Amino acid sequence: SSPASDCCALCNRLKYKMKLEKDAHKKNDLMVQYRIHNKRAKAFYQLAKESPPDSVTFCFDMQQVQPLPRTPINDAFYAQQVSFYVFCCVDMQSRNPTFYTWTEDMAGRGSVEVSSALLAYLNSVIFENQKIVRLFCDGCGGQNKNAHVIHALYYWLKKQASGNVREIQLTFPVRGHSFLPADRVFGRVEKALRKHTTIKTKEGYEDIYEQFGEVKRLGIDWMLYDVKNLTKFLKKLDGISDIKRILIQKNNSSQISITCRQNFKYDSLVEMPKTLLRKGKKDSQLTMELLPLQRPLKEKKKKSLKHLLAQEFGEEWFNEDDLQWYKNILERTEEDIEGEQNEMRDLCDCLEQDVGLHV
């Protein structure tokens, strides 16, 4: 059988210590730690499998970065390529995935991108009788488990949630135990990608992803929003690294409260709901602007990419129609991007009343 991958470090460490330990009492303590750790891990999966009445459950995750161009030549191992990013949302009932795609020259892969894609997904769902939206994801601090994602969900529940939605439950797993339906989807996609040794364009990737679910392209089907602007109005959560569940609730007067829990089902200390609003701020002030979809590539990466393209497609690669995208992003300067960003800001001002996320 294939060797295990993505194993839990704590599980491996405890099993290794149990194997070497000679003292019976110490070995028993290690066994207790191991059982408790795994019991907590299983509690997360049991919670994800539940289907409470009047609720809907989704999971979301970022896939491992895909390189552009995808090529089997040796030079690619050392080259710096353009990154193709994929964020996936899956309905736990239907298991129908939606992929949000973009490339490195448009945006990064942090909390802003995750929050914007998550908001786009939630706004695409038709909520009828569901009162609770249950979200499950891994605990990656830079992408999922951070104040910006929580602020974006706060914003959505306050300003945009349709139907009878009154609560969002955001749940994180025990570290090292975060295999979710989105990972199964990525596994199927990876299997298909292995059949394609060469993928020249982002459209080539998107054609493959469309075999497994719906593809949403940044700049066409969804946009990027300045989620970090919400920190002007909302506070960060203290001790977020130890939190396993975050409940964002809207009461009858439409006020939003946050409850944090360190366990999946039971807490020895009952946390009281609290507000995230900063002193002197109001929910009506919450705003997010559109962000420009341009990021300059570093000169070192440009040089490496040019060399790789010449090795794979020949010195005249820039004359090929399907490689014009590379030519365009390689020729773009920081001055060009700054000008495009100014045009985008002007466009945002013109569209201010039509932007769904701007209040």
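Which backbone nitrogen does the side chain of D138 reach, and at what distance? I opened the notebook with this point, keeping in mind that I am working with a predicted model. The side chain of D138 reaches the backbone nitrogen of C140, at 3.1 Å.

**Entry 1: D138 and N144**

I placed D138 in the loop between β5 and α5, and I found N144 in the loop between β5 and α5 as well. D138 has a relative accessibility of 15%, and because the cut-off for buried is under 20%, D138 counts as buried. For N144 the relative accessibility is 0%, so N144 is also buried. I then looked at what joins the two, and noted a polar contact of 2.8 Å between the side chain of N144 and the side chain of D138.

Setting aside neighbours within four places in sequence, I listed the contacts of N144 as F60, D61, V114, C137, D138, V149 and F172. I also checked D138 against M62, and their C-alpha atoms are 9.5 Å apart in space although the two residues are 76 residues apart in sequence.

**Entry 2: strand β1**

F60 and D61, which appeared among the contacts of N144, led me to strand β1, residues 55-62. Eight of the eight residues of β1 are buried, and I therefore read this strand as largely enclosed by the rest of the structure. On one side of β1 I found S55, T57, C59 and D61, while V56, F58, F60 and M62 point the other way, and all are buried. This fits the general rule that in a regular strand the side chains alternate between the two faces of the sheet.

Which strands pair with β1, and in what sense? With β5, residues 132-136, the pairing is parallel and runs over five bridges, and within it T57 has R134 as its bridge partner. With β3 the pairing is antiparallel, again through five bridges, and there I found F58 standing opposite D91.

**Entry 3: the nonpolar cores**

I next asked which residues touch the most other members of the largest nonpolar core. This core has 58 residues, and the ones I was looking for are F87, V133 and W156. Among the elements, helix α5, residues 147-160, gives the most to this core, with eight residues. A second, separate core holds 39 residues, including C59, L68, F99 and L309. In soluble globular proteins, nonpolar side chains tend to be buried together.

I followed F87 further and, leaving out neighbours within four places in sequence, found it in contact with F60, D61, M62, T98, F99, Y100, W102, V114, A117 and L118.

**Entry 4: helix α8**

L309, one of the members of the second core, is also one of the buried residues of α8, which I recorded as K301, K302, S304, L305, L308, L309, A310 and F313. These buried residues pack against β2 (66-68), α3 (75-78), β3 (82-91) and α9 (324-331). I checked the length of α8 as well: with 15 residues, 299-313, at 1.5 Å a residue, the helix should span 21 Å, and because its end C-alpha atoms are 21 Å apart, the expected and modelled values agree. Just after α8, I noted that G314 takes a positive phi of about 95°.

**Entry 5: K232 and R332**

Is K232 buried or exposed? K232 is exposed, with a relative accessible area of 53%, and I located it in the loop between β7 (214-217) and β8 (245-250). The side chain of K232 makes a polar contact of 3.0 Å with the side chain of N229. Not counting residues up to four places away in sequence, K232 touches R278 and K281, and for K232 and R278 I noted a C-alpha to C-alpha distance of 7.9 Å across 46 residues of sequence.

R332, in the loop between α9 and α10 (334-350), counts as buried at 16% relative accessibility. Its side chain is joined to that of Q294 by a polar contact of 2.8 Å.

**Entry 6: the chain as a whole**

I closed with the totals for the protein chain, whose secondary structure comes to ten helices and nine strands. Of its 359 residues, 48% count as buried. Among contacts with a separation of 6 or more, 75% come from residues 24 or more positions apart. The chain exposes about 19300 Å², and carbon and sulfur atoms supply 47% of that area.

Terms used: Residues are numbered from 1 along each chain as its sequence is written. This is a predicted model: local features need pLDDT of at least 70, side-chain atom pairs count only at pLDDT 80 or more; totals for chains, interfaces and linings use all residues. Side-chain values use heavy atoms; hydrogens and water are left out. Helices (H or I, at least four residues) and strands (E, at least two) are DSSP runs, numbered from the N terminus. The expected span of a helix is 1.5 Å times one less than its number of residues. Buried means under 20% relative accessible area, exposed over 50%, partly exposed in between (1.4 Å probe, protein chains only). Contact means heavy atoms within 4.5 Å. A nonpolar core is a set of buried Ala, Val, Leu, Ile, Met, Phe, Trp, Tyr and Cys residues joined through side-chain atoms within 4.5 Å. Two strands pair if DSSP finds at least two bridges between them. Accessible areas come from the Shrake-Rupley method with a 1.4 Å probe; for residues, only the protein chains shown count as cover. A polar contact is a pair of N or O atoms within 3.5 Å; within protein, one must be able to donate a hydrogen and the other to accept it, and residues adjacent in sequence count only if both atoms are side-chain atoms.
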